[in-house]
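Welcome, and please bring the model up in your viewer. We will go from stop to stop, selecting a few residues each time and looking at what is there.

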Amino acid sequence: MDLNTVTDVRDARLHEPWRPGDAWLGGGTYLFSEPQPHLRRLIDLSRMGWEPLTRHPDGSLEIAATCTVARLSRHGRTPDAPAAPLFEQCCRAFLASFKIWNMATVGGNLCNGLPAGPLISLTAALDGVCLLRAQDGSSRRVKVVDFITGAGRKDLAEGELLRSVTLPARALGCRTAFRQASLYGLGRSGALVIGTLDPVDGSMAVTISAATVRPFRFWFPLPPTREALRAAIAGTVRDDDWFDDIHGLPEWRRHMGFRLAEEVRRELTRTVEEDAR
């Protein structure tokens, strides 16, 4: 897409004052996919030199906003943590060509805030925390589940930059279960549910996304019963929280949300029972 309203592309390293009509440019796979008549200038992040993936001494993993899907996928193929397979599973949920994989960024996927964004699903399920930087240089941290506030909406002020997302070591050490549903064999996710089981204290978390306008993460100190999980979802996700578009009606998404949540609960509960034998 030729963005004919954009008159300039600036290097983000220059730290120039933010102006109305500015936008951060990461991979550009969304920006250049459709008209952006409100934009006048793009601030290019590609030369910032941020390390795509950084493992910290405490075991946490910091993912730079400019890390590409392809780079994240390669990391997921190295079994350095029990949750590593989840990286590849979520990257595959993109159903995008290798061209998109090599350009699309983690930051772009989160900042678009689309319900079907699989990296939103990944980072929300692994208790990710966003590092946000304001134009005055100050920073703040917000959990991914709170950063995404609705379909296409996020907790991001004018000119604020998503610098990275950090996944805690505890979450990376969890066992995981992944379920995804679409109306079509190669279609956008209509429901994506991820379960995590902490081997340290036996706690379980179930995260519902794609089916809902924003991710919902349910944490239990011990694996819940079917009834307890269903009650937690029903008591938190309101009727208007189930997403509605051409990729699935709210009623179908709600049904699949409950069904897939129960599937991941059973899968993870089974692993607990097998370990106890």
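Which helix gives the most to the lining of the largest pocket? Select helix 4, residues 106–112: with five residues, helix 4 gives the most to that lining. Keep in mind as you look around that this is a predicted model.

**Stop 1: the largest pocket**

Stay with helix 4 and turn to the space beside it. The largest pocket holds about 1,300 Å³ of space. Its lining counts 47 residues, and those closest to the centre are Tyr30, Leu31, Gly108, Cys111 and Asn112. Show these five as sticks to find the middle of the pocket.

Now add strand 2 and strand 10 (161–167) to the selection; like helix 4, each of them supplies at least two residues of the lining. If you colour the lining by class, you will find 23 nonpolar, 18 polar and six charged residues.

**Stop 2: the parallel sheet**

Strand 2 leads us on to a sheet. Select residues 8–11 for strand 1, 22–25 for strand 2 and 41–44 for strand 3. These three strands form an open sheet with parallel pairing, in the order 1-3-2. Strand 1 and strand 2 are at the edges with a single partner strand each, so one side of each has no neighbour in the sheet. Look along the sheet to see its twist: neighbouring strands are turned by 30° against each other on average, direction ignored.

Zoom in on strand 2 and strand 3, which pair over four bridges in the parallel sense. To pick out one of the bridged pairs, label Ala23 and its partner in strand 3, Leu42.

**Stop 3: the second largest pocket**

Which strands of this sheet supply residues to the lining of the second largest pocket? Strand 1, strand 2 and strand 3 each give at least two. The volume here is about 330 Å³. Select Ala12, His15, Trp24, Gln135 and Leu161, which lie nearest the centre among the 21 lining residues. By class, the lining has 11 nonpolar, four polar and six charged residues.

**Stop 4: a covered helix**

Next, select residues 69–76, which make up helix 1. Is this helix mostly covered or mostly open? It is mostly covered, with six of its eight residues buried. Those buried residues are Val69, Ala70, Leu72, Ser73, His75 and Gly76. To see what covers them, display strand 4 (53–55), strand 5 (61–64), helix 2 (84–92), helix 3 (98–101), helix 4 and helix 5 (118–125), which are included in the cover.

**Stop 5: the antiparallel sheet**

Keep helix 5 on screen and follow it to another sheet. Helix 5 lies across strand 12 (191–197), strand 13 and strand 14, and runs at about 20° to strand 12. The open sheet here has four strands in the order 11-12-13-14, paired antiparallel. Strand 11 (175–181) and strand 14 (216–220) are its edges; each has a single partner strand, so one side of each lacks a neighbour in the sheet. On average, neighbouring strands are turned by 10° against each other, direction ignored.

Now select strand 13, residues 204–209. Six of its six residues are buried, so the rest of the structure largely encloses this strand. Met204, Val206 and Ile208 point one way, while Ala205, Thr207 and Ser209 point the other.

Then look at the partners of strand 13 in turn:

- Strand 12 is joined to strand 13 by six bridges, and Thr196 stands opposite Ala205.
- The hairpin of strand 12 and strand 13 has six residues between the strands, with Gly202 in the turn at a positive phi of about 80°.
- Strand 14 is joined to strand 13 by five bridges; Met204 is partnered with Phe220, and Ile208 with Phe216.
- The hairpin of strand 13 and strand 14 also has six residues between the strands, and Ala210 there takes a positive phi near 70°.

**Last stop: helix 8**

Finish by selecting residues 226–236, helix 8. Helix 8 packs on the antiparallel sheet, touching strand 13 and strand 14, and its direction makes about 140° with that of strand 14.

Note on methods
Residues numbered from 1 in each chain as written. Predicted model: local features only at pLDDT ≥ 70, side-chain atom pairs only at ≥ 80, totals over all residues. Heavy atoms only, no water. Pairing = 2+ DSSP bridges. Axes fitted to C-alpha atoms, helices over the stretch in contact; angles between N-to-C directions. 1 Å grid on protein atoms, 1.4 Å probe; cavity = no way out; pocket = protein on both sides within 12 Å on 5 of 7 lines; lining within 4 Å. Points joined across faces, edges and corners; volume = space filled by probe spheres on them. Nonpolar A, V, L, I, M, F, W, Y, C, P; charged D, E, K, R; others polar. Buried < 20%, exposed > 50% of the residue type's maximum accessible area, 1.4 Å probe, protein only. Contact = heavy atoms within 4.5 Å.
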